[in-house]
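Subject: Structure handover

Hello,

I am passing this structure on to you. Please open it and keep it beside you while you read the notes below.

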Amino acid sequence: MVVAIPRSIRVVASLLFTLIIPQGLRKFNNCIEFNFGNLMKTVIDLITIALPVLYFSTVWAYAKAFFKDSIVAKRTKTPLLLGTLVIHMAYLLMRTILFNHPPITTMFEIMSIVSFSIAAAYAVIEFRTKAKNTGYFILILAFLFQTFSSLFIEDLFEVKPILRSNLLGFHVSSALLGLAAITISAVYAFLYLMLYHHIKSSSFGVIYTKLPNLEMLERMSILSIVIGFILFTIAIAVGLIWLPRAFENFSYFDPKLVGTAFIWAMYGVGLGAKKTIGWRGRKIMILSIIAFAVSFFSLTIVNVYFSGFHKFY
Amino acid sequence: MNLLAVGINHRTAPLDVREKLWMSNDEIRKAVAALKGNPFSECFIVSTCNRTELYGTYDDKGNAGAPPDTNSLKDFLINLKARGDAVTREHLYTMSATGAVNHLFKVASGIDSMVIGDIQILGQIKDGFNIAYEEKATGNFLHRLLQSTYHVGKRTRTETTITEGAVSVSYAAVELAHRIFSDLSKKSALLIGAGETGELTAKHLVGRGIGNLFVANRTRSKAEELVAALGGKIVEFDALQQMLGQVDIVVSSITTQKFVLTRGDIQRAMKERSHKPLFIIDISVPRNVDPEVNKIENVFLHDMDGISSIIDQNMQKRKSEIPRVNEIILEELTEFYNWFNSLQVNPTIHDLRTHFEQVRHEEVEKHINRFSQEDRELVELVTKRIVNKLLHLPTTNLKNGSEESEEEKHKKLSIVRSLFGLHKERSKKE
């Protein structure tokens, strides 16, 4: 099995071979490439199994730190998360190199990317804000996505040529990052409502003592929505430029397009209402959760049960 | 260990008795000066409204090695301040040696305080010690003891959570505000009524950097006093409804028969403030604010019931930290004892001999191969002799120091220890 490695890497590699490695060794070029591919395949298989385990341990550490105040967990949680992220990143890169296409061609490849985006976005939040205690609630979603991905992911070497476009990469990555952002927004909205309820009803347990304050939760949830909305806008704009050119059976009334437009409008109206009417606190947080639920429905149900040109798997 | 402690605290005496024994700094100074030399070689006094304690060490030589009479020490404390028969010997407790050290560590850690985890006590111990230091009533022993005491205090604060969580109404209220708002400096608070708890709460809010403080009181002069002390602005009592749109925190503590704030008031205010969260603390009994108000969206109303449940919970949490504090105390006790023992003659001689023997042994081991089989035994013998001869005089000199005072003996021993690096060896062994 000779594996196709992206041209740029091949060029750099062969340059290295001509410049540094003596003539006699050059014959090994193909040989090395062959072994390299095999090795990479084994490593990818191993990481596929390892990632859910890694995410589980990370979530476990965050839960221990949040609920049990464990000192060991507090010390290990963030290094564990960063380690998992590095391995996940390497995994995605290796898949891209080995299978010669970015891992966006099946729902389960996409789930892995969503999982990575959620965990990475949380890592940024943890380093930039004081909300260090919320990891458990967010990373558990990353764990679930990655577990589904690892269970059902397939190794596809052959994909539709249309899925190798550069614009597509841009389109999909902004959409997925947007999805990660609204997921995080919904989690913070959920935490907001929990804390809101706890304070209102004078129950001062773990939720009361450990979560960031209401104002901060609301701010982070809304910031995530704004980021998600911008990313969705980019994804839709790129899609509208590229889709009509790429597909013969393109239609503006494709279920997925209609769904997406609806979601986009919903977030837009919500943000507008916040700005103009001054919706605050509980109301806007409930809206965020509803909007996320609808988006998730659109991502899964529409993909599985409706057919249209915007369906690849 | 010739340490003795005599004292009074909330366990042995009611407040009106305890406060009779409370001493000002000047009184402490006088008492320390009186006790210094006789019966104590070193001593210091800690005095707060909840406890007054006297710690002292005595010499072996004076009084034929017997400890000072505890009853006369009790009488000394009683007669120093309290006239009349309010305070009796039964109100006071005495402790000696380990018991006294253990007690001092407990006091410093806050687990012996009336409010568990009270952080002020360590500062008060420092103050008491500083006065004694100025009076030249402290020496080697107390210095080291206090060093360990501060260490206990510091470690309980950093390694346990015994000082965390509000255990007073005013702190709990401010803590609650922090669960709702992230930056108090951008928020405003309105204080209704100038009662004691309300004032304390306002004080804590100012301490946490509240942006604006408004005070409304039926008697304007009292509000003026408060504003003069804490800063802020006065609001006419009749105009306080209009303020609700502008403030984020309302603290109400006024004695009144009917509600000061009704559901209608707050609903109107919420519209005016475009539904920004409003936090209301009602710390008066009977209540000032209609409980129905809590049903309005983005309004958080808490009364004394809620606040006291926070306090109970925090108290429980503090109590659950006591075993961890005790571990720290035990560690520090051991450490202190090691130090104390090291200042005794015999352990020092033992350590000194072990050190020399170790050096000798290492050197012989290193070079033994250069000697023939039959010479090796001889080398052992000779080197051992040299070491013994070298150590003979220092050993007898250390042993013959009995007519020196405790202080001089300690000094001598610690010089020997630091010269030969014996402190390090002791800790290495552990």
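One definition comes first. A residue is called buried under 20% relative accessible area and exposed over 50%, and partly exposed in between. Please also keep in mind that this is a predicted model.

Now apply that to one residue. Is I234(A) buried, exposed or partly exposed? I234(A) has a relative accessibility of 32%, so it counts as partly exposed. You will find I234(A) in helix α8 of chain A.

I234(A) is also part of a nonpolar surface patch. Its partners there are L167(A), F170(A), V226(A) and I230(A). Together the five residues make a patch of about 390 Å². Two helices of chain A, α6 (166-200) and α8 (214-246), each supply at least two of the patch residues. Which element gives the most to the patch? That is α8(A), with three residues.

Next, chain A as a whole. Chain A has 10 helices and zero strands. Read from the N terminus, its elements are therefore α throughout: α-α-α-α-α-α-α-α-α-α. Chain A has 313 residues, and 45% of them count as buried. Its accessible surface is about 15,800 Å². Carbon and sulfur atoms hold 73% of that surface. Contacts in chain A with a separation of 6 or more were also sorted by distance along the sequence. Residues 24 or more positions apart account for 78% of them.

Then the interface. Chain A and chain B bury about 2,000 Å² between them. Of this buried area, 45% is on carbon and sulfur atoms. Chain A brings 25 residues to the contact, and chain B brings 26.

How many salt bridges cross the interface of chain A and chain B? There are two. In a salt bridge between K187(B) and E215(A), the side chains meet at 3.0 Å, N to O. Polar contacts between chain A and chain B come to 14 residue pairs, with both residues at pLDDT 80 or more.

On the side of chain A that touches chain B, four elements give two or more residues: α6, α7 (206-210), α8 and α10 (281-305). The most comes from α6(A), with five residues.

One point to look at on screen: α6 and α8 of chain A supply residues to the nonpolar patch, and both also give residues to the side that touches chain B.

Best wishes

Definitions and conventions. Residues are numbered from 1 along each chain as its sequence is written. Chains are lettered from A and ligands numbered from 1 in the order in which they are written. This is a predicted model: local features need pLDDT of at least 70, side-chain atom pairs count only at pLDDT 80 or more; totals for chains, interfaces and linings use all residues. Side-chain values use heavy atoms; hydrogens and water are left out. Patches are made of residues with over 30% relative accessible area and no salt bridge: like charges are joined within 9 Å, nonpolar side chains (Val, Leu, Ile, Met, Phe, Trp, Tyr) within 5 Å. Accessible areas come from the Shrake-Rupley method with a 1.4 Å probe; for residues, only the protein chains shown count as cover. A salt bridge is a side-chain nitrogen of Lys or Arg within 4 Å of a carboxyl oxygen of Asp or Glu. Buried means under 20% relative accessible area, exposed over 50%, partly exposed in between (1.4 Å probe, protein chains only). Contact means heavy atoms within 4.5 Å. Buried area is the accessible area (1.4 Å probe) that two parts lose on being put together, summed over both. A polar contact is a pair of N or O atoms within 3.5 Å; within protein, one must be able to donate a hydrogen and the other to accept it, and residues adjacent in sequence count only if both atoms are side-chain atoms.
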